[in-house]
Every structure is written in structure tokens, then in C-alpha cells.
Amino acid sequence: MKRNFTTLLCAVISLVGYAQGQRTIKIEPEDSHKDIVEKAAVVVPTANQYAYKKLEFTCFVHFGVNTFTRKEWGNGFEDPKVFDLQNLDTDQWCRTAKEAGMKLVMFTAKHHDGFVLWQSRYTKHGVMSSPFKDGKGDVLKELAASCEKYGLKLGVYLSPADLYQIENEKGLYGNLSEYTDRVIPRPVEGRPFANKTTFKFNVDDYNEYFLNQLFELLTEYGPIHEVWFDGAHPKRKGGQKYNYLAWKKLIQTLAPNAVIFGKEDVRWCGNESGATRETEWDVVPFDQDPHQMNLFPDLHGDIGSREKLANAKYLHYLPGETDTSIREGWFYRNEDEQKVRSADDVFDIYERAVGGNSTFLLNIPPNREGKFSDEDVSVLKEVGKRIRETYDNDLLVGAKGETAILDSNENTYVLGEYGKGTYVITLPQAITLNRFLLQEAIQTHGQRIEKHVLDAWVNNKWQQVVESTTIGYKRILRFPDVTTHKLRIRILEARSKPSLSNVSAHYYTPRPPQLEISRNLNGQVSIAPKKSDFDWKTHGIDVNESISKNLVIRYTTDGKIPNDKSPMFSDPFFLKSGVVKAKAFDKEQTGSLAEREFGLVKKDWNVKGTHENEKNKPENAIDADVKTYWNSGSGAPELTIDLKETKTIRGFIYTPPLNFKEGLIEKGIIKVSKNGTSWRTVQTFDLGNLINDPTARKVRFVKKVKARYVQIVSNRGAGGSSSASIAEIDILE
């Protein structure tokens, strides 16, 4: 009876707390560090931000002319006729997203190339000039209908960068037009708006164009729940500036339930590879009032620790979004070379992102048939199955403890003592778990917990299972199997009195692990379970044993998919060059496919290139170790390799350094020679955006060439770097 009263009381108090909490708090000059931390403890999300947090897993859809040109970034010169979409199945997109457990679809209505995928009144550069449904097609309209059909929310991506408006002779971007009072939307004869709301802004031509298109998107396609502003800019012109404050007023008026990504509502996670922070704070310090800011910088590293708060002028609630793609690249290119993430990989990111106080935005690029490809669909269905099997089954049902954290009610919670709290949960019988979920009452008490521990009663004593840091909206703790009938949560450090609103225990059924294929300098290939991205406190438990006890690895080198008749891997084997494919088999289950292409064996090669210290010497680029790298320093950004004998080669693989951003090669030239003195250029290459997605890139030659010497020359480094860096270069035979 006492617990029920406490639960009810906390629910009532929560209403008061919500009124008291603030999204943004100004720091006064007389505030001490302790005062600042206290203020951070009462920063809470808006209703829109909290609803956004509850989306958890969302779908990104990159689609447009790049899908048909097979490019990552268009150039603005694309003929609309290349968008030759014969079939479109947005129902399939939404049905697949729903099966994966996603709750919102974010659509690239206009990417950097400026090509629009809806029937805009304000441009002819889009679907209206394409063969798609004889110029009458509207991709966004069909998607909006499918989202409504499948119960998904809709978000729109409208790129501020617009290469068509930059490159077009009469383009509006950077045309140096005057700022004058303009009425939004600008009337267009024969195309009246059903929504009669109007705005008056003092803007130039391009901002007017952008606002007009925003008005269309926000008034003619149903409720919009997120507006996504990309910070990438392939090219600028005329000192063009964006009037974001005007954009914001229009969005907040026309889409009152929407959050704005890239501004003061939601922030970018800082990478495009699915990496997450172990400690993810949503309360972020600012030097100025974020509600008056026009530009928002990307936030990297530690963004919200006590140390970071010390010099704050404002404290602001700004949740993170982890965005990455299921394929290599944002747009669809092909089925044979463009690799797809495995279900293991996507599920791991889901647990790290959603279970690490972030929202997971996964890009699924439709193919040229207007559908998600079969491989992508298969992965998403498996991920959705794993999410449901694991997290729809709470093992704490029937347990005794604080009712407020066991009732699955987000509006009830318990408050600990200042900076700490301890909660014991007793079960009627022993359970086996390897996942534990915790949530704070962020909507009323903000994010406060800085360090916590989960203990289990094993062998008649408490044993620590796992230790972690922040919780926020949700934390998923992952650990080896533990069997117990009693659990204990200990909050060790917190800002003010920590809240806890929900906990649950789960069991993830292990699958055959994702495999990792490697080859040493002598050409010996090894295949092993991929090392986990997170570090478990094993306490003497064999983690691999909990993953699989009857693991068999089978592989091929002939391009075929491994099956139960393929060779079994036991010891390293020699491979001159080629593709290795491998799968793990465990009883009735088959793991995901792992594959890797290897170039020529590098053992006897010589290499030349400038460098400024031994740590970054040229030999590192051919040592078969991705942890080492070469950097040219202030010398010529080129690397010359002597293969020791003439070979017929068909391309190369460039692997960038993992933790060194300087000198990542973006564009370059590859040259070959038979004697080391007479050189000819084979072709130029463009490796794309490596800063945010530092993964290996493969370049195939138009024609095979014979050469003994190969030279890689960097013409442009990512971020404007003048040096060149290479972790590994593989030459393909």
C-alpha cells in the first residue's frame, strides 16, 4: 500500500515538475560551478523533443537523380530525364520499415543537386520534368499516403545547399539579390494553396525560394514530425546566407509537432558510420542563446560532462540522432559491389544508439525500380524480429520491488537521495538475462544519472554484472548470461536527486557471430568472430561461450556463397589475391555473410613517400595492418609502390586511417610505370566523404593495365588538407 501511494504521489508531482522544468536555462555571472550543475539537472525536453525520443528507431530514405546516375552527390547539371522511374512502391518501403520496428520515415525531398521529388510550384527541375508518370508523378505524395496507411510518421529533408540554383545561369542561390519584404507563399496562378496562412519575411531570392518550398512540404503532405537540415555544402556562391530564424518561424507555425534536425531541437551525432558515445548527455552548454542562433556547430567528443558545463552561458536540451546507412553510401548504386550491413551490425547499432540515449536513423536507399532491395529487406526483417523477440518480453513481470519502476508507466518514477539511490528487485524464480534496460523520468526531471551499476545475487552474494555512465531516455546494458532471482541497481553518481522511471530485464538469443576476415603480410588468411565493439566486465565468464558453443566457420574463394559443404576453416591459409567469403554455422542457424577482397601479397614490395616522423613512414601503407598509417606531412602528397615484378592490375583499395583525419584522400590520380621513370595516368578517382565515413574504398580501372610501379597522387584532401594519409593500399590483380 505504501508503494502504491508513493507511485501516485510521484505521478502527481511529475505534473508540477514539468511546469517547473525548462528547455533552456541562462547562466548568471554569479553562478558557481555547483549552481550550474544544479541548473543542468532541471533542464527538460519540450513535448516535441520527448515525442521524438520515443520514436527510437527511424528510417532515412535517400532517393533522387543520384539513384540513377549512381553518384553520392549530384552536380546540379543532371537532365531530369535521367530520373526514369518506371515503378514506385512506397507501400513496400513503409511495410518494411514497420516490420523493422521503425516509427518515422525521413525522405530526401530535395538533395544537394536541387532536384525536387514533389510537384513544386517554384521550379521545373524535378519530377515534373522527368519521364516518371509523364511528369505528373509525386514521390512524396505517394510516400505520405503509405506512411498514413502503415501508421508511420513522416519527416522531410530539404537541402539548404542547391547545386542547380548555384550552377543554373538564372539560379537564385548567391545571386546577390536585395533583401526585401516578401510574402510567403508567393502566389502561383492556377495552383492555389488550401492553407491560407501567409508570412512576411525580409529575405533575398534564395531564402524566399526555400521558404516557398518549405510551405509546400509542410501544408500539402499531411502532418510533418521532423524537418532535416543537412550541414553539408558541396559548393557555395555569392556569400549566400540562410535566414534560419525565418525558416524556424514558418516550421513552428505550420508543423507545430515537428522537431528541427541540425538546429536547436536535434543534433547530429558527429559521424555517419553508426559510432556512438559511451556517455551521451542531452544537456549541452552554449555560448549564446540557442533560440537566437542562425548557425549550429557540429558537436564532437565530450559535450555535456560537468567539466564542459563549467564555462556555459546557456544550458540547453539538445538530443542526439545517430544516422548511418545500411549500404556503403547514402544512395543506391548496385547489388554486386555496394555492400550491405548485416543484421548483426544493424542490431548492434540499434542497441548502442537507442540503448545509449540516442535516436537511430538508418538510411535505406531505394533502387532504380523504386523499391528497397531484397537484401536490405531481409536484414531489416531480421532486425525487427530480434528487437521484438528480445524487448517485447520483460523477464521482470511478477517481480517485487519499487512499483514505480516496474509498472511500465513513463509517468511514474522514484527519486533517490542526492547523488545516489539503491533499488532491489526480487523475482519469484530464477531468470537468465543478458540485457537490462533503464530509463530516467527525463520529461519531468531531466537527465541526471552519471554513473550506475547492476548487481546480481549469485552464489549467495552480490556480484557486479556491469557498470555504466549516463541513462537519460534509455540505457540498454549488455553483458554475458547471468542466472539469478534477485537484482540490484545502484546509482553511484548523479546531478541532484536521480529519477528512475522504468527498468526491465531481457534475454537476447545468441546467433552465430559476425565474422572478420584478415590477411597478414605473408598472405595468410584468418577468419574469426568479429570482436565486439563494447567491453564487457566478464568476471571470469567466457564471453564467446555465451555467443556460440558449437561454432563452425566455412569459407569459399571462388565467389560462391558458403554452405554446409564448403571447406571448414581451422588454420590460416595462403591466398595470392581474390575474394574470401565466410559464414558461421551453429546447429540449425546460419550467420551473416562476411566477405573481403584482397589484392596482391605485399611481402616483398618497396615503397617511397615523404614523411615527417617514423610513426607515419611510407611502409605503414603496405604492412597489412590498418592500425598503422602513412602521412606525407608537408612533402608531396604521393606514394610510389614497387611491386618488384610486372603485374596485370585492375584497380586498388584505399583504406583510410581509423583515428587520424588529416590527409584523407578525397580526389586523386593513379599512375603506373613499367620502369619507374616513364609514367602514364590510368585514371582519376573520387573517394567521397571520408571524414564522416572513414571506410575502405575500391576503385576499379576502366581497363586492366600492366605495371611494376604504381603511384597514388592526392589532388585534394578531405577538409582541404594538403597532405595525404593511407592506412593500407591494396593492388587488385
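Contact, as the word is used in these legends, means heavy atoms within 4.5 Å. The model is predicted, and local features need pLDDT of at least 70 while side-chain atom pairs count only at pLDDT 80 or more, whereas totals for chains, interfaces and linings use all residues. Residues are numbered from 1 along each chain as its sequence is written, and side-chain values use heavy atoms, with hydrogens and water left out.

**View A. The surroundings of E280, in the loop between strand 9 (267-268) and strand 10 (283-286).** Strands (E, at least two residues) and helices (H or I, at least four) are DSSP runs numbered from the N terminus. E280 is buried, with a relative accessible area of 5%, where buried means under 20%, exposed over 50% and partly exposed in between (1.4 Å probe, protein chains only). Leaving aside neighbours within four places in sequence, E280 is in contact with R267, I303, G356, N357, Q447 and T470.

**View B. The surroundings of H62, in the loop between strand 2 (57-61) and helix 4 (65-69).** H62 is buried, its relative accessible area being 3%. Once neighbours within four places in sequence are set aside, the residues in contact with H62 are T67, T108, H111, W330, F331, N363, I364, P365 and P366.

**View C. Helix 6 (residues 139-150) and what covers it.** The end C-alpha atoms of this helix of 12 residues are 17 Å apart, which agrees with the 16 Å expected at 1.5 Å a residue, the expected span being 1.5 Å times one less than the number of residues. The buried residues of helix 6 are V139, L140, L143, A144, S146, C147 and Y150. Seen down the axis of helix 6, these buried residues fall within an arc of 165 degrees, so they line one face of the helix; the arc is that of the directions from the helix axis to the C-beta atoms. Their cover includes helix 5 (90-100), strand 3 (104-110), strand 4 (153-158) and helix 8 (205-219), while on the other side of helix 6 the residues K141, E148 and K149 are exposed.

**View D. The two ends of helix 6.** D138 caps the N-terminal end of helix 6, with a side-chain oxygen 3.2 Å from the backbone nitrogen of L140. Helix 6 is followed by G151, whose phi is positive, near 70 degrees.

Methods
Polar contact = N/O pair within 3.5 Å; in protein donor to acceptor, adjacent residues only side chain to side chain.
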